[in-house]
Amino acid sequence: TFLKPIAYYRKKDDQSEYSLVYVNILSGITHQVRITMQSLGHPLVSDDRYLPRDQAMADCQWCPRNFLCEVRQDWFDMCGPYKHPERRRFQRISIENPLPPLFQDILEKKLELMQKLDPTADLYQGPQYWALGDQQLMADFPKDGEFRKKVMRWGIRRGIHLDAMDRLLLLSREHIDRIMTEYKPPEEDEAFWVCPECMNLNHPDQSERSNECQGFGFLTAQKKCQGKPKVLRSTKLPDGWRDYLADPTIHLIWILNPILLEARRMAIEKSRPSWDRPPTEEEGDMATQEQIKSLHAALVQDAKTGGFGLNEEDLKDVAGLETARMPLCLPPDSPVWRMRLPGKGLGSQWRYSLKGKERIRVAANFSVRLKTYKEPILAD
């Protein structure tokens with residue numbers, strides 16, 4: 001669990017003090033955030049399980065539910081359908097869910113903002129960088145342009161997408177050189193394998209029994225999966241089975257994730273001066289008011305179709321931004337802002353979206369009905 005206070009508040013009627021905290025969780029165990037905050041001596045407001053009863057009842061008078069909300073999710077959908085099947089056979093799903101109106105009203109009407117610790121953060125949506133630790137890694141391991149080009153060329157030759165290459169470039173040069181030297185393509189890497197029975201990913205850090213699946217047979221109605229890493233060519237695989245690890249991007253991400261997680265942990269724990277910042281990077285044009293209006297309209301239309309923002313590469317399709325130099329800069333008072341997804345560092349693409357308060361406002365005027373499937377989708 002990684003956490004970052006982004007603002008300090010004071011309750012208007014009794015001057016009691018509160019912190020607005022952004023938390024990253026990776027394991028997702030039951031009550032992970034609530035237990036972590038309670039163990040640090042900062043339990044959640046109105047937490048009826050981990051607060052003393054009298055305190056929880058008092059909190060409920062002005063905050064009727066736990067002040068806890070999932071504002072972001074990021075994962076890879078490896079089973080399709082794919083937006084660009086010729087480029088990559090997976091789709092990255094990055095969802096933003098701003099604080100609901102109840103919590104926004106509490107922050108604005110019942111609490112008083114005393115200090116905003118992160119000037120680039122949206123108080124209703126989180127920091128500009130989704131993953132805590134990425135900014136510190138950018139500051140600890142700066143890369144020059146020539147080194148970045150060398151690494152990118154290595155990835156292009158192997159058909160690896162930016163979703164993995166950006167992660168790789170957050171690491172130290174020593175880590176990068178070792179990974180590039182020792183890397184084996186998916187068809188040659190026998191340490192990682194997708195179970196032919198349950199599709200569980202098995203890897204060497206999971207168990208010493210590398211020839212036994214550590215998953216559960218949910219596709220075969222078994223409590224313990226009996227899958228093995230190698231089967232006969234004539235073996236009939238379960239309906240819907242797919243070797244998602246055969247995609248070189250997903251394969252590299254699985255290799256990088258534990259290394260990047262440990263690097264983030266060490267970067268967060270490292271003592272550093274308050275003025276420590278990532279290296280400056282080249283910026284694009286400052287958006288005009290007309291361009292902001294056009295981008296705002298495009299983001300509203302994207303939200304109506306169930307989207308959660310536009311990537312930097314998509315802005316060329318927005319009216320008035322065809323010739324704008326990227327990355328587009330936005331003034332602080334703009335209703336739209338930009339952020340970077342997990343694993344995106346120096347020189348990588350920005351994601352543009354509506355600010356939390358603005359998204360809640362415009363979302364009140366429409367309802368998104370997602371497409372439902374009445375039968376299973378046939379896998380390739």
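Which residues line the largest cavity? In this predicted model, the lining is made up of Leu137, Met138, Phe141, Pro142, Lys143, Arg148, Asp166, Leu169, Leu170, Gly345, Leu346 and Ser348. By class, that gives seven nonpolar, two polar and three charged residues. The volume of the largest cavity comes to about 120 Å³, and the count of cavities of 30 Å³ or more is two.

**The second largest pocket**

Now for a space that is open. The second largest pocket holds about 1,300 Å³. Its lining takes in 44 residues, with Lys4, Asp118, Thr120, Gln135 and Arg277 lying nearest the centre. Strand S1 (2-11), helix H4 (134-140), helix H8 (248-269) and strand S9 (336-339) are the elements that give two or more residues to this lining. Which element gives the largest share? That is H4, with five residues. Sorted by class, the lining of this pocket has 24 nonpolar, seven polar and 13 charged residues.

**The sheet with S1 in the middle**

S1 also belongs to an open sheet of three strands, in the order S2-S1-S5 and with antiparallel pairing. S2 and strand S5 (111-116) are the edge strands, each pairing on one side only. Direction ignored, neighbouring strands here are turned by 35° against each other on average. As a reminder, strands of a sheet pair through backbone hydrogen bonds, either parallel or antiparallel.

Look at S1 and S2 first: they pair in the antiparallel sense over eight bridges. One spot to check is alanine 7, whose bridge partner in S2 is leucine 20. Leucine 20 sits on the covered face of S2 (residues 17-24), along with Tyr18, Tyr22 and Asn24. The uncovered face of S2 shows Glu17, Ser19, Val21 and Val23.

Two helices are worth a look around these strands. Helix H3 (residues 101-110) lies across S1, S2 and S5, and runs at about 90° to S5. Helix H1 (32-39) has Gln32, Val33, Arg34, Thr36 and Met37 buried. What covers those buried residues of H1 includes S1 and S2.

**The sheet of S8, S10 and S9**

S9, which we met in the pocket lining, is part of another open sheet of three strands, ordered S8-S10-S9 with antiparallel pairing. Which strands form the edges? They are strand S8 (310-311) and S9, each of which pairs on one side only. S9 is joined to strand S10 (residues 351-354) by four bridges, and the two run antiparallel. To find the register, start from valine 336, which stands opposite leucine 354 in S10. A helix goes with this sheet too: H9 (residues 289-304) lies across S8, S9 and S10, at about 80° to S10.

**Backbone oddities**

Most residues other than glycine have a negative phi, and most peptide bonds are trans. Here are the residues with a positive phi to look up:

| Residue | Phi |
|---|---|
| Glutamine 15 | near 65° |
| Serine 46 | about 65° |
| Glycine 41 | about 85° |

Glutamine 15 is found in the loop between S1 and S2, a hairpin with five residues between the strands. Is glutamine 15 buried, partly exposed or exposed? With a relative accessible area of 43%, glutamine 15 is partly exposed.

Serine 46 has its place in the loop between H1 and helix H2 (53-59). The relative accessibility of serine 46 is 3%, so this residue counts as buried. That is below the cut-off for burial, which is under 20% relative accessible area. Neither glutamine 15 nor serine 46 is a glycine. Glycine 41, for its part, comes just after H1.

Where is the cis peptide bond? It joins methionine 326 and proline 327, with omega about 0°. Proline 327 lies in the loop between S8 and S9, the two edge strands of the sheet with S10.

Terms used
Residues are numbered from 1 along each chain as its sequence is written. This is a predicted model: local features need pLDDT of at least 70, side-chain atom pairs count only at pLDDT 80 or more; totals for chains, interfaces and linings use all residues. Side-chain values use heavy atoms; hydrogens and water are left out. On a 1 Å grid over the protein atoms alone, a cavity is a set of points where a 1.4 Å probe fits but cannot get out, and a pocket is an open set with protein on both sides within 12 Å along at least five of seven lines; lining residues have an atom within 4 Å of a point. Grid points are joined across faces, edges and corners, and a volume is the space filled by probe spheres set on the points. Ala, Val, Leu, Ile, Met, Phe, Trp, Tyr, Cys and Pro count as nonpolar, Asp, Glu, Lys and Arg as charged, and the others, Gly among them, as polar. Two strands pair if DSSP finds at least two bridges between them. Contact means heavy atoms within 4.5 Å. Axes are lines fitted to C-alpha atoms, for helices over the stretch in contact, and angles run from 0 to 180 degrees between N-to-C directions. Buried means under 20% relative accessible area, exposed over 50%, partly exposed in between (1.4 Å probe, protein chains only).
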